Amino acid sequence: TSNKRTLRTLFRPAALPPPVISETSPSQKKLLAYHRDNEQQEVLNQLLIDRALEVYYITMDETDKRDAAPPITELPSTVRIPLTILSFQAEYLFMKKRVQRNPMIPIQPQWLRSMLALVPQSLMEGRDRQLLTEELLKEVVKDYEKSMQRCLLRRVLVKPDIKELDKLEEEAPLPLLPLGLDFSSTWHNSYIKAKQQIISTLHILHPTMKALLDFGYTTFFNFILVDFSSSRLKGPVDCRSLKTDASLSCSKAEEEIMSTWYQRVVGLFSQSEALDGVKLDQLESFYNCVAVLMSNQLKGLLGRTTEVFVELFDPEDRSRLPLFKMDLTYDENRMEFYPSLQDLEEAILFVVDCIGQTLQNVQTVRAWLTGGTATVDAELPAHIAQWAKSTLKKSIRDNLEGPKEHFKGYVESYGWLVDGTAEERINRFIAEQPSFDEYT
């Protein structure tokens, strides 16, 4: 059995060779690292070339894209851009596309309505205005979306400082901050300072001023100096009576105001608590404020009275138009109105002057307390007086067209009887010694 040859005895068990353990020398390590770096650099260069081809294809014109035989496998010889720069461009353009695809907040409809409300109505009328308005709104929406997109891009992405990118993106630069303005200081301190200054110097907030305002409101609320609203019901009035009535009304109204409103004002400032909280160096400005407040109240009364009188001559409402008595007279071979049309106009304008001359001698509170002679500025504002007179002149001219036509008809029909023409014809007829039949 021991000498028997078998497969087990013919083939000995396989044995692995012992591992060869040898240390790599420094020069071999450097050589291996060099080869590994070269391989990685080739892979990186290939990636950069692929990205550069993509960028180049994106920046091509549509015509060049159609003419090019895809796929593009190499850059033209004219393109000499470093691969690193092309990689930055590709990454930036790729991220830019992704950002631009994000949904944006649409413009609010009420904003567009507010814009349209600022356009004058005359520019909104017309056959083609609606179409033009729609086109303008579309342009506004387009500019809004473009601005929002640019703002989002600048907030999310940092554009690399590459000159070649400036040629690809034709965008206007963002507006710069105004030069020379300092926005660093806060507004709160200046606001508090201004508020304290207003409280300390604005005397209209004083309780005494509030009482003065109440006196003026209760006295002048329904009060006018001259009231001719019911003159039409009394019948025709002559010019002299109109002037007399206006003068008496203004005089009585002034006496009533001085005995009621002015006495209350003087009594208010005669009390010691009227100047509570007012410093000694602020007395002059305080009394100046009182004078201005009284002036505004008296001017308001004069202006309101003038407006009420002018409204009587409203051409669209003649129900309250005053009636004036005028005579057609014959004197010294002439026919004319008495009073004349010019006298009538002067009588009506006299009422405006009479209103403006009322309450011109009202003493200021400080003058009354100290025995001075200063008076409150209660002159009728010039623009109101000018408006009243021009309006009345036009109304008088329009309303006198009828009497003028009436007078013209008399002159044309009977003027020859009074201007000597008839007498001359009679004398000539008698001088001709006509026959009896011609006489008859």
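This is a short tour of salt bridges, aromatic rings and surface patches in a predicted model.

**Stop 1: the salt bridges**

Start with the charged pairs. A search of the whole structure finds four salt bridges. Three of them are visited here, beginning with Asp 377 and Lys 299.

Select Asp 377 and Lys 299. Their side chains meet in a salt bridge, 3.1 Å from N to O. Now colour by secondary structure. Asp 377 sits in the loop between helix 13 (365-370) and helix 14 (382-399), while Lys 299 belongs to helix 11, so the bridge ties together parts that are 78 residues apart in sequence. Show the surface. Asp 377 is partly exposed, at 43% relative accessibility. Lys 299 is also partly exposed, at 25%.

Next, select Lys 389 and Asp 353. These two form a salt bridge, with 2.8 Å between the closest N and O atoms. Here too, distant parts of the chain are linked: Lys 389 is in helix 14, Asp 353 is in helix 12 (residues 341-356), and the two are 36 residues apart. Lys 389 counts as partly exposed, with 29% relative accessibility. Asp 353 is partly exposed as well, with a relative accessible area of 31%.

Stay on helix 14 and select Asp 398 with Lys 394. Their closest N and O atoms are 3.1 Å apart, in another salt bridge. How many residues apart are Asp 398 and Lys 394 in helix 14? They are four residues apart, which puts about one helical turn between them. Asp 398 is partly exposed, at 35% relative accessible area. Lys 394 is partly exposed, at 48% relative accessibility.

**Stop 2: the aromatic rings**

Hide the charged side chains and show Phe, Tyr and Trp. The whole structure holds twelve aromatic pairs. Select Phe 220 and Trp 261. Their ring centres are 5.3 Å apart and their planes meet at 50 degrees, so this pair is tilted. The two rings come from distant parts of the chain: Phe 220 is in helix 9 (residues 207-220) and Trp 261 is in helix 10 (residues 239-269), 41 residues apart.

Turn the surface on again. Are Phe 220 and Trp 261 buried or exposed? Phe 220 is buried, at 5% relative accessibility. Trp 261 is buried too, at 0%. Now add Tyr 262 to the selection. Ring pairs join Phe 220, Trp 261 and Tyr 262 into a cluster.

**Stop 3: the negative patch**

Move to the surface and select Glu 307, Glu 311, Asp 314, Glu 316 and Asp 317. Together they make a patch of negative charge. Pick out Glu 311. This residue lies in helix 11, which covers residues 283-311. Glu 311 is partly exposed, at 44% relative accessible area. Helix 11 is familiar from the first pair: Lys 299 lies there too.

**Stop 4: the nonpolar patch**

Last, select Leu 328, Tyr 410, Val 411, Tyr 414, Trp 416 and Leu 417. These side chains make a nonpolar surface patch of about 530 Å². Which helix gives the most to the nonpolar patch? Helix 15 (residues 401-418) does, with five residues. Zoom in on Val 411, one of the patch residues. Val 411 lies in helix 15. Its relative accessible area is 37%, so Val 411 is partly exposed.

Conventions
Residues are numbered from 1 along each chain as its sequence is written. This is a predicted model: local features need pLDDT of at least 70, side-chain atom pairs count only at pLDDT 80 or more; totals for chains, interfaces and linings use all residues. Side-chain values use heavy atoms; hydrogens and water are left out. Patches are made of residues with over 30% relative accessible area and no salt bridge: like charges are joined within 9 Å, nonpolar side chains (Val, Leu, Ile, Met, Phe, Trp, Tyr) within 5 Å. Accessible areas come from the Shrake-Rupley method with a 1.4 Å probe; for residues, only the protein chains shown count as cover. Lys and Arg count as positive and Asp and Glu as negative; His and the chain ends are not counted. The place of a charge is taken as NZ of Lys, CZ of Arg, CG of Asp or CD of Glu. Buried means under 20% relative accessible area, exposed over 50%, partly exposed in between (1.4 Å probe, protein chains only). Rings of Phe, Tyr and Trp (its six-membered ring) pair if their centres lie within 6.5 Å; planes under 30 degrees apart count as stacked, over 60 as edge-to-face and the rest as tilted.
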